[in-house]
Structure formats: structure tokens, C-alpha cells
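Let's take a walk through a protein model together. Have the sequence and the 3D view open, and follow along.

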Amino acid sequence: MSKLTKNQKMVMAKYDSAKMYKLSEACDLVKEITYTKFDASVELAVNLGVDPRKANQMVRGVVTLPHGTGKQTRVLVLCTPDKENEAKDAGADYVGLDEYIDKIKGGWTDVDVIICTPSVMAKVGAIGRILGPRGLMPNPKTGTVTMEIGNAVKEVKAGKIDFKVDKTGIVHTAIGKVSFSGKQIYENAQEILSAILKLKPQTLKGTYLKAVSICSTMSPGIKVDIKSFGSAE
């Protein structure tokens, strides 16, 4: 068995893998047990008692984090020329249509969010097989297919994120950076957990929230006591 490093020993001295921490405690602790030289991301994992294969148990939503994710979000707007200036003025990183669709067909997907107008969805649909698996396909339900291009870009840049339960029943999303204060991480976590609670499927029987944990890019997962922020049923 390999010896523990100095940092691993410090983590073990502060962290109990068997303990269930209050949400506020976990948000403070994740900062204390992260020793990376870079500004690591803080991530939230929520295990739900749903069956994502059933359409009426698909949990998906959007939420604007009070303090953003701490990440520079790269936004591509696919639109007709009359909307290009609106997109650029709002801060979009890339704006255009045919040239970017061709680039994506060629393998380019170096963006975090794609926003488009309803009028170009036919062209965007042609690259759906590329965008879908990467979570980049615009969707009216998440506000990324809209005529209000400027507002949509500003909201994404301000910290609006799209979350979706995966095929294993887990919602996994970034909620900040280690450089954030514990309070900022806590308020971001509360915002998304509140949104998930509100999306409980009416057809679901049994426990909705099964487990919640918080970790940073290089830290162990911290188990969160569900009773410290909401009802598990």
C-alpha cells in the first residue's frame, strides 16, 4: 500500500468519509480539503430516485446561480444577420450561422452553450447528432432557442446553467470555484437544490432525493445530510 502524501494526511485530519455533513459545513469543508495549485471547480452530485428512461420522470431545468460558476462561459449564437449585432453587443463569443454549422460538421465544438433563433432550427437540427451527446443542442425549454437573443446571452454569462439527470439518475453540475467563499458556494448549492426539489415528478413513488455530495476537482466527495436543506421525500 502506497504511503499517504502530506496533502492526503491533511485531508484525512479534517475530513470524515463516513460523516454526513450539513450543507453549510460541506461548503466550507470542500475549501479546506482542496490543495490544488489551480482554482479547482466545486461540483454538486445529486442522486435521485427516478427512472430517467420514463419521460414523466425526466428531471431537467435551468437555474441562475447567484454567484455564477466562476467559469468563463463560451457562447455561440447561431442566427440570421439581423440578430448578429444584438448577440455581439450582449457578449457572445461567436456569432454566425452557416460557417459555424460547417465548422461543427468538421468536428469543432469548442463552446459551452449554443443559442439560436427559432428560424434557424432546421439548419441546427442537421447537426443534432453532434450537439446532442455533448449537451450543446439548443432547446426552447432551457431558453436557448429564442428571439430574445441578447437577454439569453446575458443570462448565460451571468451564471444561468442547464442541468439534467443522467441515465444513472444523477444530476451532476458545477456550482463554483474553490476561490469562492463558503457562503457563495452554499448559496449556489441552495439555489440548484431548491430547483431540483421543485421538479419532483408527480408520478414518482418512494424517495426522491437519495444522496447528495459535494467535491472539488481533486478532493474526495463530502456526503451532505439531506435534512440540512430540504425534505428527502
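Before we look at the pocket, a quick bit of vocabulary: Ala, Val, Leu, Ile, Met, Phe, Trp, Tyr, Cys and Pro count as nonpolar, Asp, Glu, Lys and Arg as charged, and the others, Gly among them, as polar. Keep in mind too that this is a predicted model.

With those groups in hand, how do the residues lining the largest pocket divide? There are 12 nonpolar, 14 polar and 11 charged residues in that lining. The lining has 37 residues, and those nearest the centre of the pocket are Asp112, Val113, Gly135, Ile161 and Asp162. The pocket's volume is about 1,000 Å³.

Which strand gives the largest share of this lining? That would be β6, with five residues. At least two lining residues each come from β1, β2, β5, α7, β6 and β7.

Now for the sheet. Strands of a sheet pair through backbone hydrogen bonds, either parallel or antiparallel. Here, four strands make an open sheet, the order is β7-β1-β8-β9, and the pairing is antiparallel. At the edges sit β7 (170–177) and β9 (222–224), each pairing on one side only. On average, neighbouring strands of this sheet are turned by 25° against each other, if you ignore direction.

Zoom in on the pairings: β1 and β8 are joined in the antiparallel sense over seven bridges, while β8 (residues 209–216) and β9 pair over three bridges, also antiparallel. β8 and β9 form a hairpin, with five residues between them. Here are some residues that face each other across these strands:

| Residue | Partner | Strand of the partner |
|---|---|---|
| Leu48 | Leu209 | β8 |
| Val212 | Val224 | β9 |
| Ser213 | Lys223 | β9 |

Helices come into the picture as well. Helix α2 (residues 23–32) lies across β1 (41–48), β8 and β9, and runs at about 25° to β8. Helix α8 (residues 182–198) packs on the sheet too, touching β1, β7 and β8, with its direction at about 155° to that of β7.

Finally, the aromatic rings. The structure holds three aromatic pairs. Why is the pair of Tyr94 and Trp108 called edge-to-face? Their ring centres are 5.3 Å apart and their planes stand at 85°, so the pair counts as edge-to-face, the cut-off for that label being over 60 degrees. This pair links distant parts of the chain: Tyr94 is in strand β4 (residues 94–96), and Trp108, 14 residues away, is in the loop between α4 (98–105) and β5.

Terms used:
Residues are numbered from 1 along each chain as its sequence is written. This is a predicted model: local features need pLDDT of at least 70, side-chain atom pairs count only at pLDDT 80 or more; totals for chains, interfaces and linings use all residues. Side-chain values use heavy atoms; hydrogens and water are left out. Two strands pair if DSSP finds at least two bridges between them. Axes are lines fitted to C-alpha atoms, for helices over the stretch in contact, and angles run from 0 to 180 degrees between N-to-C directions. Contact means heavy atoms within 4.5 Å. On a 1 Å grid over the protein atoms alone, a cavity is a set of points where a 1.4 Å probe fits but cannot get out, and a pocket is an open set with protein on both sides within 12 Å along at least five of seven lines; lining residues have an atom within 4 Å of a point. Grid points are joined across faces, edges and corners, and a volume is the space filled by probe spheres set on the points. Rings of Phe, Tyr and Trp (its six-membered ring) pair if their centres lie within 6.5 Å; planes under 30 degrees apart count as stacked, over 60 as edge-to-face and the rest as tilted.
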